[in-house]
Amino acid sequence: MSETFEPEIIAFVCTYCTYAGADLAGTSRLKYAPNVRIIRLPCTGRISPMFILKALQKGADGVLISGCHPGDCHFTHGNYHARRRWMVFRALLDFIGIPPERIKYSWISAAEGVKFAEFINSVTEDIRKLGPFEQYTHLIEQTQAPASL
Amino acid sequence: MSIEEQYRTRAKELLSGGAVKMVIGYGKGSNAKRRRPIFISSADEVERLVLDDACITNLSGYLVSEGLLSDEKRVAVFLRPEGIRAINILAAESQLDAEQIVIFGFDVAGNEVTALKGINVEEFSDIIDSIKEGAPEAAEEELFEKIEKMSPQERFSFWQKEFAKCIKCYACRQACPMCYCRRCIVDSNQPQWVNTSSHTLGNFEWNIVRAFHLSGRCVECGNCDRACPVNIPLRLINHRMAEEVLGAFDHFAGTSKTQEPVLASFKKDDSETFIL
């Protein structure tokens, strides 16, 4: 088993900044890790914590969340609301035992194609080092059998 | 005159004068150590009211029962400080009009019951502020600190063991005065966010989302904890969340009826260290 572990990472990004940043990375012909599946949303304020849980439930090894820098939100303050929510949610996951390192947050603007590519690379590398989320995968496997009390 | 007698007299006056249409209080339970909520609407029944150190349930949740307050008549309710905070939150979230609530405030220390002075929710703000200053500890402080010191893997295993017991009866939700949504997220099935079977995975998700929705709103009355038939220490998670919002946003749930809900507001300089 010398094969390197290829993590599956789900990225929730806002369409006005980070998605445009990802586009820029593409049109600039920047190369970055292919492990990320991007899900585009209207705003970071639209990212419910349930999305993160759903991604983990479906077997994601890591989740990545990104949107406009504070002050740059297309809807003026969606990202401020999102920031508060993440602060609380992150503490909650930590207390429950879901390692906060598996869920990464960043602000990437439409002009930051390079930052986007670098961010994807560094997150992929970090999650690869952490390895598969075995404790969670074990729970997912259990759901294949009937629930027992 | 004991507090119980005092409050019975007050309830009688209010009911017979028509100042309130109902008194929600505690009555005898199935044994000497248990109290059950009673709903009194006539002055003859006030003798059924009991007030002692076994009165621990937070009764504020009954106030948001469908239709109870819609006739704009007033309702009296027996509340401990946590319950009074809950009224503030419900008022701040537009679930009730605080003017309609007549409070019979009391607190229990050891086995001694003391009356809290006041009728309207505003009159208790000093008491609530002093609770905030006192930085309340978790109900099971020792266990709480033990969990805090664990590694993430150990914590995961700890909660996995606890949540494996969960049977998804949602008693925690039903008992909580803050869980008033007509349609809870676990009841919606398009999409189905949380698995309905009682596999541990879905139990994790349910308990995470429950705690998240209570962040900055939970008053730590302990209703969920006591309602849980398999004794999951739910209060510890809620306490961790309360600590977080107090530390990060200086938010203590239920200090006033105009308090902004913490996750529905923001400051431009909210400071975090984890967003790259």
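Two residues are in contact here if their C-beta atoms, placed from the backbone, lie within 7 Å. The model on display is predicted, and the tour below moves from the interface between its chains to individual residues of chain B.

**Stop 1: a helix of chain B and a helix of chain A**

Select L139(A), I140(A) and Q142(A) in α5(A), together with T200(B), L201(B) and F204(B) in α7(B); these are the residues through which the two helices meet. By class, this contact comprises four nonpolar and two polar residues, with no charged residue. Now display the helices themselves: α5 of chain A covers residues 134-142, and its axis comes within 7 Å of that of α7(B), crossing at roughly 115°.

**Stop 2: the whole interface**

Widen the selection to both chains. In chain B, 35 residues are in contact with 35 residues of chain A. On the chain B side, the elements that give two or more residues are α5 (152-164), α7 (200-213) and α9 (234-249). Which of the elements gives the most to this side of chain B? The answer is α7(B), with eight residues. Colouring the chain B side by class shows 21 nonpolar, seven polar and seven charged residues.

**Stop 3: a second helix of chain A against α7(B)**

Keep α7(B) visible and select helix α2 of chain A, residues 49-57. The axes of α2(A) and α7(B) come within 11 Å and cross at roughly 165°. Angles over 145 degrees count as roughly antiparallel, which means that α2(A) is roughly antiparallel to α7(B). The crossing of these two helices is right-handed.

To view the residues of this contact, select P49(A), M50(A), L53(A) and Q57(A) in α2(A); they meet L201(B), E205(B), I208(B), V209(B) and F212(B) in α7(B). Seven residues of this contact are nonpolar, one is polar and one is charged. L201(B) also belongs to the contact with α5(A) visited at the outset.

**Stop 4: α7(B) within its own chain**

Hide chain A and select α5(B) with α7(B). Their axes are 9 Å apart, and the helices pack at an angle of about 100°. Because angles of 65 to 115 degrees count as roughly perpendicular, α5(B) is roughly perpendicular to α7(B). The residues to select are Q160(B), F163(B) and A164(B) in α5(B), which meet T200(B), N203(B), F204(B) and N207(B) in α7(B). This contact has three nonpolar and four polar residues, and no charged ones. T200(B) and F204(B) also meet α5(A).

Next, isolate α7(B). The helix has 14 residues and reaches 20 Å from its first C-alpha to its last, close to the 20 Å expected at 1.5 Å a residue. Is α7(B) largely enclosed or exposed? All the chains should be shown again for this step: 14 of the 14 residues of α7(B) are buried, so the helix is largely enclosed by the rest of the structure.

**Stop 5: the loops on the way to α7(B)**

Select Q190(B) and P191(B). The peptide bond from Q190(B) to P191(B) is cis, with omega near 5°. P191(B) is found in the loop between α6 (171-175) and α7 of chain B. As a general rule, most peptide bonds are trans, and most residues other than glycine have a negative phi.

Two residues of chain B deserve selection for their phi values.

- S94(B) has phi near 60°, a positive value in a residue other than glycine. Its place is in the loop between α2 (81-92) and β4 (101-109) of chain B. S94(B) counts as exposed because it has 7 C-beta neighbours inside 10 Å.
- K168(B) has phi near 50°, likewise positive in a residue other than glycine. The residue is found in the loop between α5 and α6 of chain B. K168(B) is partly exposed, with 17 other C-beta atoms within 10 Å.

**Stop 6: two distances to display**

Select Q174(B), whose place is in helix α6 of chain B. Q174(B) is partly exposed, with 13 other C-beta atoms within 10 Å. Draw a distance to I131(B): the two C-alpha atoms are separated by 26 Å, and the residues are 43 apart along the chain.

Finally, select A135(B), in the loop between α3 (125-133) and α4 (141-149) of chain B. A135(B) is exposed, with 9 other C-beta atoms within 10 Å. What separates the C-alpha atoms of A135(B) and F252(B)? The separation is 9.7 Å, although the residues are 117 apart along the chain.

Notes
Residues numbered from 1 in each chain as written. Chains lettered and ligands numbered in written order. Predicted model: local features only at pLDDT ≥ 70, side-chain atom pairs only at ≥ 80, totals over all residues. Helix = DSSP H or I, 4+ residues; strand = E, 2+ residues; numbered from the N terminus. Nonpolar A, V, L, I, M, F, W, Y, C, P; charged D, E, K, R; others polar. Axes fitted to C-alpha atoms, helices over the stretch in contact; angles between N-to-C directions. Parallel < 35°, antiparallel > 145°, perpendicular 65-115°, else oblique. Left-handed = near helix turned anticlockwise from the far one by under 90°. Buried ≥ 20, exposed ≤ 12 C-beta atoms within 10 Å, placed from the backbone. Expected span 1.5 Å × (residues − 1).
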